[in-house]
Amino acid sequence: MLIAGCSNGTHLAGKIARKLKASYSKLRVNKFPDGEIKVRFMSNVRGKEVVLVQSFYGAINDCIVEVIFAAETAKELGAKKVFLAAPYFPYLRQDKRFKPGQCVSIEVIGRLISRYFDKVFIIDPHLHRETKLSHLFSIKAESLTSNPYIADYIKKNIKNPLIVGPDRESYKWARKVAEKIKCGHVILKKKRYSGRKVKVTLNKEVNVDNKNIVFVDDIISTGNTILESVKNLRKLGAKKFNCIAVHGIFVENALEKLRKANVKVVTTNTIPNNVSKIDVSGLIAENLKK
Ligand code: R5P
């Protein structure tokens, strides 16, 4: 097996290769002045199972073209199988034609990736209206969860936690993590008005006395979901706020805004950032072994 670190995957690919005692090679990617990219394998892929590790954040569309070019090249050069390990996989939130004429991105990305890979591994995919990866991909698609890693982090680092899921979909992380560490949890109600505007409300009595509030969610993007939730719980007297998320996208100074609101934030390293303290390389390595 050859683990290939793509532009946004090197922070995990090397660790995965070490854990599997497999070979590792960084995919060489260069950009031409006009924006086109060129990719090159620096190791022989012939006869090997090649795993492309790519996290789709930042220049997401470039990341997609990069893995398609790399997958096709690997096959042309004789790779036995080509897998995609995507710590963070994009375009899953547009899961419905909200307005006439819109692209349902989740379906298109699933079909596109299925054409080029033999199997895909995704950490905590954002599945809401569409609930199964098997509906999106025609290849084998494994959904991996970082919940045990998050639960372990909370157990070791946060005393007297009350786990709070900021919206209905977050139960897959918040409730599951709370069950693992055997502590209380509450799920809030969110209404989204736009990419930036959300309103969060409490739908039942919550006792926050002496509790360390721990928001658990899959994605933090603008941070507004968590900031809105903090406002609500502060009104009830909550004082200590933590937020543990899988994917820390942090656009528009989100991390800074959360810090100013006295929220201690930690994420997994599906996307590397200053607070990505929970390492999930083992999760991918374990599943590649199977
Ligand atoms: C959406 O349902 C996700 O689970 C997150 O709650 C959402 O993406 C967070 O976005 P933001 O940080 O921009 O409020």
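## Terms and model

Contact is taken here as heavy atoms lying within 4.5 Å, and angles run from 0 to 180 degrees between N-to-C directions. The structure described is a predicted model.

## The five-stranded open sheet and its helices

With contact so defined, helix α4 lies across β9, β13, β14 (240-248) and β15, and runs at about 155° to β14. Helix α6 (residues 224-235) likewise lies across β9, β13, β14 and β15; the angle of α6 to β13 is about 160°.

The strands beneath these helices belong to an open sheet of 5 strands, ordered β10-β9-β13-β14-β15 and paired in parallel. Its edges are formed by β10 (185-187) and β15 (263-267); each has a single partner strand, so one side of each is left without a neighbour in the sheet. On average, neighbouring strands of this sheet are turned by 25° against each other, direction ignored. Within the sheet, strand β9 (residues 161-165) runs parallel to strand β13 (residues 212-220), and 4 bridges join the two. One of the residues involved is Pro161, whose bridge partner in β13 is Asn212.

## Packing of α4 against α5

Besides lying across strands of the sheet, α4 packs with another helix. The axes of α4 (residues 147-157) and α5 (residues 171-181) come within 9 Å and cross at roughly 55°. The two helices are therefore oblique to each other, and their crossing is right-handed.

On the α4 side, the contact is made by Asn147, Pro148, Ile150, Ala151, Ile154 and Lys155, which meet Lys172, Trp173, Lys176, Val177, Lys180 and Ile181 of α5. By class, this contact of α4 with α5 comprises 7 nonpolar, 1 polar and 4 charged residues.

## Packing of α2 against α3

Helix α2 (residues 60-76) and helix α3 (residues 105-116) have axes 9 Å apart and pack at an angle of about 25°. Because angles under 35 degrees count as roughly parallel, α2 is described as roughly parallel to α3.

From α2, the residues in contact are Ile64, Val67, Ile68, Ala71, Glu72 and Lys75, while α3 contributes Ile109, Leu112, Ile113 and Tyr116. The contact of α2 with α3 has 8 nonpolar and 2 charged residues, with no polar ones.

## Strand β5 and its partners

Strand β5 (residues 49-53) is mostly covered, with 4 of its 5 residues buried. Strand β1 (residues 2-5) pairs with β5 in the parallel sense over 4 bridges; among the paired residues, Ala4 has Leu52 of β5 as its bridge partner. Strand β6 (residues 81-86) also pairs with β5 in the parallel sense, over 5 bridges. In this pairing, Val50 stands opposite Val82 of β6.

## Helix α1 and its surroundings

In helix α1 (residues 10-20), the residues Leu12, Ala13, Gly14, Ile16, Ala17 and Leu20 are buried. Their cover includes the strands β1, β2 (23-26) and β5, together with the helix α8 (281-289). Thus β5, itself mostly covered, is among the elements that cover the buried residues of α1. After α1 comes Lys21, which has a positive phi near 50°.

Notes. Residues numbered from 1 in each chain as written. Predicted model: local features only at pLDDT ≥ 70, side-chain atom pairs only at ≥ 80, totals over all residues. Heavy atoms only, no water. Parallel < 35°, antiparallel > 145°, perpendicular 65-115°, else oblique. Left-handed = near helix turned anticlockwise from the far one by under 90°. Nonpolar A, V, L, I, M, F, W, Y, C, P; charged D, E, K, R; others polar. Pairing = 2+ DSSP bridges. Buried < 20%, exposed > 50% of the residue type's maximum accessible area, 1.4 Å probe, protein only.
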